[in-house]
Amino acid sequence: MFDDLRDLYQEVILDHGKHPRNFGKPESFNRMARGENPLCGDKINVYLTIGPDGLVNDAHFDGRGCAISQASASLMTETLKGKTEAEAEALFGHFHDMCTKDDHEHTDHGHLDPEAVEKLDVLSGVREFPMRVKCATLAWHTMNAAIHGDEKTTTE
């Protein structure tokens with residue numbers, strides 16, 4: 001059963017890596033940040049449109065990188081739409097902990113959308129490959145920088 005789930009997760013990652021959703025620079029946005037992983041050369045730009053009510057109305061990305069960084073960015077942009085800035089930051093915290101901590105289920109990030117968490121779980125296996133954690137978290141660090149008005153971030 002566990003192997004079937006792992007295979008499914010791998011299929012989702014490959015699909016998002018090969019056919020990323022929300023890829024490309026949108027015509028309009030009001031928050032943007034550039035992210036770079038200097039160890040492997042992955043580069044990503046995240047574009048957000050945040051409304052006056054604090055909702056993420058749109059999220060896009062572009063750049064180049066491995067399948068994991070592209071899949072993570074694709075899943076992130078799908079997950080963020082319709083979330084508040086606070087929810088986006090909580091999802092960032094959850095995602096980061098999921099990729100870096102064995103006991104991440106016990107970390108309280110406030111109320112998180114269960115569907116969003118389930119969607120992001122496909123990348124939980126990256127924790128087993130420490131060199132790939134920065135690939136998976138690059139888009140998230142970049143999104144967090146965009147929310148906070150920082151135009152550039154790295155995963156050093």
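**Helix packing around α5**

Helix α3 passes helix α5 in a left-handed crossing. The model in which this crossing is seen is a predicted one. The account below begins with this pair of helices, turns to a second helix that packs on α5, and then visits several individual residues.

Some orientation along the chain is useful before the details. The chain contains five helices and four strands, and their order along the sequence is α-β-β-β-α-α-α-α-β. Of its 156 residues, 46% count as buried. Among the contacts with a separation of 6 or more, 62% are accounted for by residues 24 or more positions apart.

How are two packed helices described? They are described by the angle between their axes and the distance between the axes. For α3 and α5, the axes come within 10 Å and cross at roughly 160°. An angle over 145 degrees counts as roughly antiparallel, and α3 and α5 are therefore roughly antiparallel to each other.

Which residues form this contact? On the side of α3 they are Glu85, Ala88, Glu89, Leu91, Phe92, Phe95, His96, Cys99 and Thr100. These meet Val133, Ala136, Thr137, Trp140, His141, Met143, Asn144 and Ile147 of α5. Sorted by class, the contact of α3 with α5 comprises 10 nonpolar, five polar and two charged residues.

Two residues of this contact, Phe95 in α3 and Trp140 in α5, also appear in a search for aromatic pairs. That search, made over the whole structure, finds three such pairs. The ring centres of Phe95 and Trp140 are 4.8 Å apart and the ring planes stand at 15°, so the pair is stacked. The reasoning rests on a cut-off: planes under 30 degrees apart count as stacked. Phe95 belongs to helix α3 (residues 85-100) and Trp140 to helix α5 (residues 130-147), so the pair ties together parts that are 45 residues apart in sequence. Are these two residues buried or exposed? Both Phe95 and Trp140 are buried.

Thr137 gives another view of the contact between these helices. This residue has its place in helix α5, and with a relative accessible area of 3% Thr137 is buried, since buried means under 20%. Apart from residues up to four places away in sequence, Thr137 touches Phe95, His96 and Cys99, and these three residues are listed above on the α3 side of the contact. Thr137 can also be placed relative to Asn37: the two residues are 100 residues apart along the chain, and their C-alpha atoms are separated by 9.7 Å.

Helix α5 has a further partner. Helix α2 (residues 67-80) packs with α5 at an angle of about 35°, and the two axes are 8 Å apart. The crossing of α2 and α5 is right-handed, whereas that of α3 and α5 is left-handed. From α2, the contact is made by Ile68, Ser69, Ser72, Ala73, Met76 and Leu80; from α5, by Arg132, Cys135, Ala136, Ala139, Trp140 and Met143. By class, the residues of the contact of α2 with α5 are nine nonpolar, two polar and one charged. Ala136, Trp140 and Met143 of α5 take part in the contact with α2 and also in the contact with α3.

The tour now moves to the strands. His60 lies in strand β3 (residues 56-64) and counts as buried at 16% relative accessibility. Its distance from Ala73, C-alpha to C-alpha, is 8.5 Å, while the two are 13 residues apart in sequence. Beyond its neighbours within four places in sequence, His60 is in contact with Asn22, Phe23, Gly24, Pro26, Asn45, Val46, Tyr47 and Thr77.

One of these contacts, Asn22, is placed in the loop between α1 (2-18) and β1 (31-37). Asn22 has a relative accessible area of 17% and is buried. Its phi is near 60°, a positive value in a residue other than glycine.

A last stop is Leu55, in the loop between β2 (42-50) and β3. Leu55 counts as partly exposed, with 26% relative accessibility. With neighbours within four places in sequence left aside, Leu55 is in contact with Thr49, Ile50, Gly82, Lys83 and Thr84. The C-alpha atoms of Leu55 and Leu80 are separated by 9.1 Å, and the two residues are 25 residues apart along the chain. Leu80 is also one of the α2 residues in the contact with α5.

Definitions and conventions:
Residues numbered from 1 in each chain as written. Predicted model: local features only at pLDDT ≥ 70, side-chain atom pairs only at ≥ 80, totals over all residues. Heavy atoms only, no water. Phe/Tyr/Trp six-rings, centres within 6.5 Å; stacked < 30°, edge-to-face > 60°. Buried < 20%, exposed > 50% of the residue type's maximum accessible area, 1.4 Å probe, protein only. Axes fitted to C-alpha atoms, helices over the stretch in contact; angles between N-to-C directions. Parallel < 35°, antiparallel > 145°, perpendicular 65-115°, else oblique. Left-handed = near helix turned anticlockwise from the far one by under 90°. Contact = heavy atoms within 4.5 Å. Nonpolar A, V, L, I, M, F, W, Y, C, P; charged D, E, K, R; others polar.
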